[in-house]
Amino acid sequence: MSGGGVYVGSIDQGTTSTRFIIYDRTARAIGSHQVEFTQFCPQAGWVEHDPMEILESVRECTTKALDKATADGHNVDGGLKAVGLTNQRETALVWSKSTGRPLYNAIVWMDARTSSICRKLEKELPGGRTHFVETCGLPISTYFSAIKLLWLMENVAAVKEAIKKGDALFGTIDTWLIWNLTGGTTGGLHVTDVSNASRTMLMNLKTLEWDKPTLDTLGIPPEILPRIISNSEIIGKIAKGWPITGVRISGCLGDQHAAMVGQACRKGEAKSTYGTGAFILLNTGEEMIHSTHGLLSTLAFKLGPNAPTNYALEGSIAIAGAAVQWLRDSLGIISSASEIEKLALQVDSTGGIYFVPAFNGLFAPWWRDDARGVCIGITRFTNKAHIARAVLESMAFQVKDVLDSMHKDAGEKGEVKNEKGEFLLRVDGGATVNNLLMQIQADLLGNPVVRPVDIETTALGAAYAAGLAVGVWTEDEIFDTGARSSNATTFHPKLDEELRKKKVDSWCKAVSRTFDLADLSL
């Protein structure tokens, strides 16, 4: 790839911040800006975002990233060929078609208010918790968008009224952003991509369309749902009133799917993204594997309307980097997230401490919404460095739990290994700058961990999808194995096998202590 005045932009809308990054044709970031926004927790277990604040964060990021790139001598105004979009998945909202205003805050993916709806459905439906798995690959859980939509339909009068009047539009954050970016109340496009749709519980994984029997069972009107498109195609142009008017939006993926493209994960390869949560996906190619070990069958990516569909096994971890934020914001043990590595390095072990961050329950592979966080093994010897190290270990243990399940589901044939017979885990996301965390991860897995030079592969994946649709890149260039592995950092396991097994057994004991704690009286 050579540069030459051709640029692609990427809107990366995450759980706590929004970024806009501009890439040249060599996939080098030449301008970026990030804005944090508010996360509301009105009750225990509830997590919300203000959709209007998210819109404003996109506007601010775009403007400032363009200014930075232009100040550095890049002719972005004349050379920006396309924009891609990636977003926090499952987070859901309903808004008014006529006014463009949200009818309630966006309910965030980690929100647990819908547990009673889940229990009710599990009791009423013949398939129980796995009633929809054959169709959509997902169990009934507070995690997924459809259950959040049911809560909005049942509890928010404005939503009920708008649906009755035909004025309601539903979507995940990608849909909300694209509708506004392409005109909003004056012709905005109401679409979602296959990866985001696959996380609603409403899309049939085989047909890639909304599943009518599921909609009928749940009582969800199809007219409020967006049209489903591929991850890489020209969607529409950015409307007047935005900083990059007229530029084509031509890529859209949920954040974890974008990271798979950014990491160039082919069939049999896996990546783990460490952000607020942690998300591990294994590309299973054109074969959809139904997990029997607590994982989700989902869509990896579909890079064009006529491109083959790649599927994936996914394990989702609710609390990873969020546990570090908790140490900082709630306990005051550290004053910035970057301090945790230095603090944890003050000790060479956790001193027998095991921390399980089941703040709102546990996702894969346990799926226990009755779990709550525990810290066990505390003695008078315990200090804050031990706790900090245990928090880092908790992230790595949770990833190991998921990968163990993946190995069982995919089998030897479903995984690609290197010439030494090792399964490589590709990693990305903000927390991967922590070298201690990466070494702990390699030690607990017993396999190498590979960190690319650019750890923000989510934004890069969205840019690749957008650029692919308009001819900036070819698929061969994106998935070039040699290019992606150059200058990467590899962490090799150093932990003795016997000690690894003892630590894993202790971790499993700690996890078992988190169950059935949701009803503890306040």
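## T86 and its polar partners

In this predicted model, the side chain of T86 has a polar atom 3.0 Å from the backbone oxygen of L253. A polar atom of that side chain also lies 3.4 Å from the backbone nitrogen of D255. T86 itself sits in strand β5, and with a relative accessibility of 0% it counts as buried.

Who else does T86 touch? Setting aside residues up to four places away in sequence, its contacts are I11, D12, Q13, L253, G254, D255, A258, T458, A459 and A462. So if you click on T86, you'll find L253 and D255 twice over: they turn up in the contact list, L253 offers its backbone oxygen, and D255 offers its backbone nitrogen.

## The sheet around β5

Strand β5 belongs to an open sheet of six strands, and the pairing is mixed. Reading across, the order goes β3-β2-β1-β5-β14-β13. The edges are taken by β3 (29-36) and β13 (232-237); each has a single partner strand, so one side of each has no neighbour in the sheet. From one strand to the next, the twist averages 25°.

Over at the β13 edge, the link to β14 (residues 248-254) is antiparallel and made of three bridges. To find your way there, look for K237, whose bridge partner in β14 is R248.

## Helices on the sheet

Helix α7 (residues 173-181) lies across β1 (7-13), β5 (80-87), β13 and β14. Its direction is about 145° to that of β5. Helix α10 (residues 255-262) packs on the sheet too, touching β5 and β14, and it makes an angle of about 105° with β14.

## S297, a buried serine

S297 is in strand β17 (residues 296-301), and it counts as buried at 3% relative accessibility. What does its side chain reach? A polar atom of the S297 side chain lies 2.5 Å from the backbone oxygen of I289.

Leaving out residues up to four places away in sequence, S297 is in contact with C136, G137, L138, L205, M288, I289, H290, S291, A312 and L313. I289 is therefore on the contact list, as well as supplying the backbone oxygen just mentioned.

## Two nonpolar cores

In soluble globular proteins, nonpolar side chains tend to be buried together. Here the largest nonpolar core has 130 residues, and the members that touch the most others are M201, I220 and Y274. Helix α13 (residues 384-410) supplies the largest share of this core, with 13 residues.

M201 is a handy one to inspect. Not counting neighbours within four places in sequence, M201 contacts F132, C136, L138, P139, I140, F144, A146, I147 and T214. Apart from the largest core lies another, of 37 residues, including I30, W95, W176 and I229.

## Backbone oddities

The peptide bond between A364 and P365 is cis, with omega about -10°. P365 lies in the loop between β19 (354-356) and β20 (374-376). W367 is found in the loop between β19 and β20 as well, and it has a positive phi of about 50° even though it isn't a glycine. Is W367 buried or exposed? With 13% relative accessibility, W367 counts as buried.

A264 is another non-glycine with a positive phi, at about 55°. You'll find A264 in the loop between α10 and β15 (270-274). A264 is buried, and its relative accessible area is 1%.

## Cysteines without disulfides

How many disulfides does a search of the whole structure find? The search turns up zero. Take C61: the closest cysteine sulfur is in C252, 17 Å away, which is too far for a bond. C61 counts as buried, at 0% relative accessibility.

C508 is in no disulfide either, and its nearest cysteine sulfur, in C375, is 17 Å away. C508 counts as partly exposed, with a relative accessibility of 32%.

Methods
Residues are numbered from 1 along each chain as its sequence is written. This is a predicted model: local features need pLDDT of at least 70, side-chain atom pairs count only at pLDDT 80 or more; totals for chains, interfaces and linings use all residues. Side-chain values use heavy atoms; hydrogens and water are left out. Two strands pair if DSSP finds at least two bridges between them. Helices (H or I, at least four residues) and strands (E, at least two) are DSSP runs, numbered from the N terminus. Axes are lines fitted to C-alpha atoms, for helices over the stretch in contact, and angles run from 0 to 180 degrees between N-to-C directions. Contact means heavy atoms within 4.5 Å. Buried means under 20% relative accessible area, exposed over 50%, partly exposed in between (1.4 Å probe, protein chains only). A nonpolar core is a set of buried Ala, Val, Leu, Ile, Met, Phe, Trp, Tyr and Cys residues joined through side-chain atoms within 4.5 Å. A disulfide is a pair of cysteine sulfur atoms within 2.5 Å. A polar contact is a pair of N or O atoms within 3.5 Å; within protein, one must be able to donate a hydrogen and the other to accept it, and residues adjacent in sequence count only if both atoms are side-chain atoms.
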